[in-house]
There are 2 protein chains.
Amino acid sequence: MDESGLVRTDLGLFLELNAVDASLPSYRRLFLALRRSILSRRIEGGTRLPSTRALSASLGISRNTVKSAYELLQAEGYLLSRRGAGCYVAELPEAKSLAADPVVINQPVKLPTASAINRAPGLLQPAVPALDHFPYRRWQRALQSGVTSVGLLAGDPQGDPRLRREIVRWLGAQRGMQVDPDQVLITSGSQQGIFLVADQLVKAGDRVLLERPGFQGTERVFDAAGARVGHFYQHELETVDRLGPARLLLLTPSRNFPLGHTLAADRRLALLNWARQNRAWLIEDDYDSEFSAGPALSAMFSLDASQQVIYAGTFSRTMFPGLRLGYLVLPVSLVTQFREARRIVDGGLSVTPQMALAEFMACGDYSRHLKRMKRLYLQRRQMLEEMLGQSSLAHLPVIGAGGGMHLCLQVPTGCDDRQLVAELDRVGVCARAISQYDPKQGAGLVLGFAAQDRDAMARGVAILERIVSAALAQLD
Amino acid sequence: MDESGLVRTDLGLFLELNAVDASLPSYRRLFLALRRSILSRRIEGGTRLPSTRALSASLGISRNTVKSAYELLQAEGYLLSRRGAGCYVAELPEAKSLAADPVVINQPVKLPTASAINRAPGLLQPAVPALDHFPYRRWQRALQSGVTSVGLLAGDPQGDPRLRREIVRWLGAQRGMQVDPDQVLITSGSQQGIFLVADQLVKAGDRVLLERPGFQGTERVFDAAGARVGHFYQHELETVDRLGPARLLLLTPSRNFPLGHTLAADRRLALLNWARQNRAWLIEDDYDSEFSAGPALSAMFSLDASQQVIYAGTFSRTMFPGLRLGYLVLPVSLVTQFREARRIVDGGLSVTPQMALAEFMACGDYSRHLKRMKRLYLQRRQMLEEMLGQSSLAHLPVIGAGGGMHLCLQVPTGCDDRQLVAELDRVGVCARAISQYDPKQGAGLVLGFAAQDRDAMARGVAILERIVSAALAQLD
């Protein structure tokens with residue numbers, strides 16, 4: 001290569017070099033710059049590159065850097081080395097799929113930003129447990145117990161066996177369910193459980209009935225599966241024949257969300273009969289029964305001998321939302337199919353949280369924690385009801401059942417509860433609108449009290465008072 | 001109820017009681033027994049039950065137990081209480097879906113047993129990292145760092161932001177990829193990543209090309225999606241036009257499994273051109289490039305400006321299999337779609353392992369760990385090659401590339417390598433058969449060395465010698 005060619009190459013290289021992310025190691029920057037030059041054919045196939053000494057001198061960088069860059073280019077097939085005769089650019093296919101502008105490849109592009117997720121919980125936010133009362137040290141101890149050589153190995157794709165045994169024990173004592181641990185499938189929250197159910201059991205065009213009010217996340221799953229989604233209310237189950245046939249019905253019999261009512265025994269039996277007659281699956285979504293005001297109720301699963309009930313549970317509210325552990329309890333006939341589905345969709349979940357939870361349950365920390373939380377949540381609910389009762393919102397009825405981790409405050413028709421929620425959110429109160437769980441329900445606010453100590457609750461109620469009163473005044 | 005009726009009821013109850021799982025609390029056992037009697041109509045609707053005192057006396061159990069059982073039955077709607085007039089069985093729909101034999105409901109049934117997963121790793125087992133050299137204490141420290149109130153909250157469904165930033169930093173330095181953290185989606189191992197790709201981008205009947213040899217897990221995913229699966233070899237990419245059109249092509253350009261060869265630059269460019277012409281997606285499955293013998297190679301993703309390459313990575317081999325963390329790096333055009341898909345399939349993964357890994361990477365523990373493992377694995381490979389070379393199997397060629405966590409030992413045609421693997425497995429050596437990754441490949445054994453110290457390796461080789469020599473002798 002003649003000297004003027006060398007200067008031309010170097011100038012081009014110099015420019016390329018400056019276009020590369022300066023935070024990368026030097027040899028990689030040079031590698032990327034050279035590669036671009038080669039791919040864009042500014043340096044053609046067959047060209048002999050300058051010696052490492054020459055390039056190092058003209059670019060003012062260390063010779064080792066040049067050597068490393070050349071070695072990488074050789075390893076990747078861009079350069080060929082001929083002993084004693086230097087490095088030559090390889091003859092390569094024309095890279096048609098490279099950017100027309102050879103200066104920068106893969107420039108980071110502006111993306112639609114996802115909503116800010118990880119900020120601290122808002123005032124009166126539902127579904128957040130009492131973080132100030134979480135047994136951090138006991139949980140840390142449980143986490144440690146899994147960090148052993150065995151704990152590093154690939155787990156059972158169906159879920160940690162010890163955790164499944166603990167869940168079976170729990171469901172036996174609490175829900176009257178008698179199942180084999182192999183009927184339990186650990187899922188990433190109940191969300192994944194419901195996804196697997198839709199994925200495995202529902203074909204496009206199948207009719208699916210979902211309880212109202214209910215979670216939107218559930219609706220999205222069945223929409224995505226192409227189902228024809230219909231809705232029903234618990235009280236409609238008095239005349240269960242009016243449901244009509246369906247492939248699957250999902251309900252929250254222990255505790256409706258967000259109103260908290262429970263499905264009575266006679267309606268449970270009627271529904272089981274309907275499911276049997278229509279060969280329909282029943283999905284029992286038991287997201288929040290641990291904090292019911294009364295005694296623990298039996299699961300519908302425990303009543304069903306036709307093996308048509310699938311029970312979905314979650315630890316998101318009894319432990320914490322970030323844990324993302326839930327489970328399905330499957331009829332025996334579905335076990336093999338769902339095991340295979342699990343191998344395909346993700347091959348199993350992280351072992352550490354599962355082992356930690358199993359340990360936490362086995363040593364009694366889980367039930368102790370729940371007992372404490374149940375008492376605490378009853379106190380905090382009472383506190384919120386008192387504060388509301390002493391505020392200017394005292395005339396707004398609290399609707400729905402007691403217990404739980406949130407309460408529902410009804411607002412007069414004409415009030416736009418989603419608008420209210422948006423305004424409240426701007427000032428740090430993260431309530432939810434009842435109408436988003438059921439458009440026909442009428443307006444109202446879902447207010448969480450579980451994570452609120454007295455101060456936080458007072459601040460939340462003060463803001464609520466201000467904003468809701470103003471909205472109500474506009475109605476008059 | 002007359003006294004003879006009481007005796008009859010009690011006798012039946014007594015029998016029911018004894019059929020219930022004796023490990024449950026007494027009140028629950030009585031509750032279940034009574035419920036069965038009611039549901040099977042042995043005790044009819046409208047019947048007045050004995051007083052708590054009377055039943056307690058005749059069954060010989062405490063009055064509190066009977067009270068609790070009655071209360072639960074009331075809560076569930078099986079009993080009605082009339083003040084001053086005792087407890088009456090509710091009128092209920094006939095429970096047609098109950099088992100004909102009312103004695104036991106939901107008796108745990110024998111299930112097909114899943115294969116034993118959690119036993120200790122076998123000798124010479126591939127894909128297991130060096131457990132004896134894992135930095136347990138550093139990992140525990142990283143785990144602790146996430147156990148804070150913020151760490152308990154629901155995470156970003158796309159994956160922990162800090163972990164995504166660390167991955168972007170790593171890929172920039174190691175793979176020449178310059179991407180935005182929002183292009184990264186954290187997955188449950190690369191298995192979930194590939195599932196999401198199939199789920200989102202492949203319709204039933206689409207043609208999909210998979211590299212051979214290759215993972216069977218990958219094949220299953222695309223079969224399940226209803227794709228028409230074809231195969232190709234890296235060397236066939238010399239004449240890329242022969243591939244024909246396809247929706248998607250999956251390859252392991254950095255390191256083929258199990259043979260370890262790398263796709264040269266000219267073929268990478270040819271493939272990118274093919275993808276552009278055919279509007280096909282390229283899935284770059286980068287499962288094991290960290291332990292290549294040479295320098296770290298650039299990803300195909302970094303060459304592609306048509307945004308048709310999806311990069312799938314995993315921490316299963318660099319960290320440990322039970323972690324189940326991997327990631328997809330998506331073209332910008334797919335980010336929104338995959339974000340939505342993730343919300344539906346599981347709503348996000350457990351936060352704790354993600355935060356721990358982010359911390360582990362950020363403080364430098366990850367790159368230190370990898371450097372040590374790279375050196376260790378080179379030593380262990382050398383050790384295994386030496387042991388084999390000094391054994392009676394010295395004439396069997398070691399095929400495929402160097403480096404990695406396993407090597408491939410060729411056996412003569414006529415040898416059934418799956419049969420060999422089954423025999424070896426019975427005596428604790430967990431090799432894999434090469435033919436199961438590619439039926440046309442010819443017989444051979446995949447032998448892992450990463451997790452084997454000298455003793456374990458010697459034992460493994462001794463067993464291998466014995467069994468393989470015997471099999472070879474039968475060929476003659």
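This passage looks at two interfaces in a predicted model, one between domains of chain A and one between chains A and B.

Starting inside chain A, the domain assignment splits the chain into domain 1 (8-98), domain 2 (156-347) and domain 3 (368-475). The centres of domain 2 and domain 3 of chain A, taken over C-alpha atoms, sit 28 Å apart. Where these two domains of chain A meet, 21 residues of domain 2 are in contact with 21 residues of domain 3. The area buried there comes to about 1900 Å², with carbon and sulfur atoms giving 61% of it. On the domain 2 side, P258(A), L259(A) and F291(A) lose the most area to domain 3 of chain A, and together they make up 33% of what that side buries.

As for polar links, one salt bridge turns up across the interface of domain 2 and domain 3 of chain A. R212(A) and D438(A) pair their side chains in a salt bridge, at 3.9 Å from N to O. Eight residue pairs are in polar contact across the interface of domain 2 and domain 3 of chain A. The side of domain 2 that touches domain 3 of chain A is made up of nine nonpolar, seven polar and five charged residues.

Turning to the two chains, 110 residues of chain B are in contact with 110 residues of chain A. Between them, chain B and chain A bury about 9500 Å², and carbon and sulfur atoms account for 58% of that area. Zero salt bridges are found across the interface of chain B and chain A, but 29 residue pairs are in polar contact there. Helix α10 (residues 265-278) of chain B supplies eight residues, the largest share of the side that touches chain A. By class, that side of chain B holds 58 nonpolar, 30 polar and 22 charged residues.

Methods:
Residues numbered from 1 in each chain as written. Chains lettered and ligands numbered in written order. Predicted model: local features only at pLDDT ≥ 70, side-chain atom pairs only at ≥ 80, totals over all residues. Heavy atoms only, no water. Domains from an automatic or database assignment. Contact = heavy atoms within 4.5 Å. Buried area = accessible area lost by both parts, 1.4 Å probe. Salt bridge = Lys/Arg side-chain N within 4 Å of Asp/Glu carboxyl O. Polar contact = N/O pair within 3.5 Å; in protein donor to acceptor, adjacent residues only side chain to side chain. Nonpolar A, V, L, I, M, F, W, Y, C, P; charged D, E, K, R; others polar. Helix = DSSP H or I, 4+ residues; strand = E, 2+ residues; numbered from the N terminus.
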